[in-house]
Amino acid sequence: MTEQIEKNFQAQKILLVDDDPSLLKLLALRFRSLGFEVNTAESAELAVALIPSYHPHLVITDLRMGEMDGMALFNHIKETYPTIPVIILTAHGTIKEAVAATSEGAFGFLTKPYDPKELVELASKALSINICHPLDQATKKELSWREKIITRSVLMENLLREVEHVANSKISVYIHGESGTGKELIAQAIHNISSRRDKEFVTVNCSAIPEDLLESELFGHCKGAFSGASANRKGLFEEADGGSLFLDEIGDMSAAFQVKLLRALQEGEIRPVGSNKTIKVDVRVISASHRDLQKLAAEEVFRTDLYYRLNVVTLSLPRLADRLEDIPLLANHFIANNHSNPHGIAKGLSTEAMELLVSYEWPGNVRQLKNVIEHICTFATTPLIPVSLVENALQEKQGSASLSFNDAKKNFERDYLVKLLQLTNGKVTEAAKLAKRNRTEFYRLLDRHELKAAQFKIKKEA
Ligand SMILES: Nc1ncnc2c1ncn2[C@@H]1O[C@H](COP(=O)(O)OP(=O)(O)OP(=O)(O)O)[C@@H](O)[C@H]1O
Ligand SMILES: [Mg+2]
């Protein structure tokens, strides 16, 4: 372990903060002996002053200190330098605070007296997940299953640990998360790390395929099964045989098809459209939705038996706004790997520009950040992107252009429904008539967007 740390992280800069000078000295000696560069601060205030010029890759701080404590220092770093990981050292009485800090994004904590070996291991881990630091070949290979997932968020690291736990069983995994949070990336990562990785990973977007085609798409069809079926065709279940099938936007699947899917999952076999023979398939199903499937099940829009079959383990992806520390990392990654930056003019973001990105809400999560960066890179004329370009890209008029087609369509649909309900004072029959939809269909649309007609009824004043 020590050898590997030396190899990977030489010249990594660590800032140690503690009001106990003898402890600082001891720790500094230990880290220096392992090849790290170390600076020390005897107060949080001094650390705050040192960070801008020292540019540490990691801060290790005591919790209880003079005026400004370790928690305040952590909050300052989180806001001002979200890419610097922070490890907190805590005495026995303050564990609760340290745990709270970890849930807010601190990399980790150790209680005093801590095992020095444990501290070095935690520090090396904190440094290793920052993509700025080159990893050796062996570590790279070991982590290749998650190479596309750029993160240094503790919430995401916890999630990836869960992915590792569930990957090798055939357990059905349901991934929940807002649009653009990386559900598909996680599904792919589950497949990559599982023993099925050499077989196919097949993706189906259930909301994009018209209902009458979904059955033949998933289960295949025989020649002549319907007009246009000119040859036998394998379904996606069969293509994924031995591998994984990712059913995206499962919450949009019709009630009729839910029954067919349930049967296929229960029996482990499928029947192509127009065939009277069933085919055994060995498929690991991973599903996802941006909608609250549990709520849909409770409202009987989604079958509970199918819900429990798909959802043996739920993985919940945090919103980007709940992992601010990922924003600079992702932004830099998207700049470096951007195709609309053909001349490679844009190299990075000015501090102000980065601050604006970190303070933005990101309703479209990582996908929106990626689109915004691509947009910015197209217009960049200088290596350091100025804040004005980010401001432009985030403006309302650009908003819809930075969304995926599906998200823009979703937003349009919701706005349209809201306008109809406002116009008709929440009268569903009238609103449905205007939209040229029957009431049942209209209720389904409202439900999909979690809108309640009653909210639009004008209340008579008492
Ligand atoms: N942690 C990440 N690191 C790098 N890229 C990411 C990360 N998370 C998401 N992305 C990128 O953002 C985009 C959206 O990710 P993905 O399609 O996995 O999200 P999703 O949750 O399935 O979105 P949707 O609900 O819109 O289908 C993709 O281009 C993906 O590569
Ligand atoms: Mg998706």
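Colleague: How many helices and strands does the protein have?

Modeller: In this model, which is a predicted one, the protein has 22 helices and 16 strands.

Colleague: And what box do the C-alpha atoms fill?

Modeller: Taken along the principal axes, the C-alpha atoms fill a box of roughly 80 × 60 × 50 Å; of the 462 residues in the protein, 36% are buried.

Colleague: What share of the contacts comes from residues 24 or more positions apart?

Modeller: Such pairs account for 70% of the contacts in the protein, counting contacts with a separation of 6 or more.

Colleague: Switching to the ligand, which residues are the closest to ligand 1?

Modeller: Ligand 1 is surrounded by 18 residues, of which the closest are Ile 150, Gly 182, Lys 183, Glu 184 and Val 366. By character, the shell around ligand 1 divides into five nonpolar, eight polar and five charged residues.

Colleague: Which helices supply at least two residues of that shell each?

Modeller: Helix H9, residues 183–193, and helix H17, residues 365–379, each do so.

Colleague: Where does ligand 1 lie with respect to the domains, and why?

Modeller: Ligand 1 lies between domain 2 (154–316) and domain 3 (320–402), because both domains give residues to the shell around it.

Colleague: Different topic: how many residues does helix H12 have, and what length does it reach?

Modeller: Helix H12, residues 255–267, has 13 residues and reaches 19 Å from its first C-alpha to its last, which is close to the 18 Å expected at 1.5 Å a residue.

Colleague: What comes just after H12?

Modeller: Just after H12 comes Gly 268, whose phi is positive, at about 70°.

Terms used. Residues numbered from 1 in each chain as written. Chains lettered and ligands numbered in written order. Predicted model: local features only at pLDDT ≥ 70, side-chain atom pairs only at ≥ 80, totals over all residues. Helix = DSSP H or I, 4+ residues; strand = E, 2+ residues; numbered from the N terminus. Buried ≥ 20, exposed ≤ 12 C-beta atoms within 10 Å, placed from the backbone. Contact = placed C-beta atoms within 7 Å. Near = placed C-beta within 6 Å. Nonpolar A, V, L, I, M, F, W, Y, C, P; charged D, E, K, R; others polar. Domains from an automatic or database assignment. Expected span 1.5 Å × (residues − 1).
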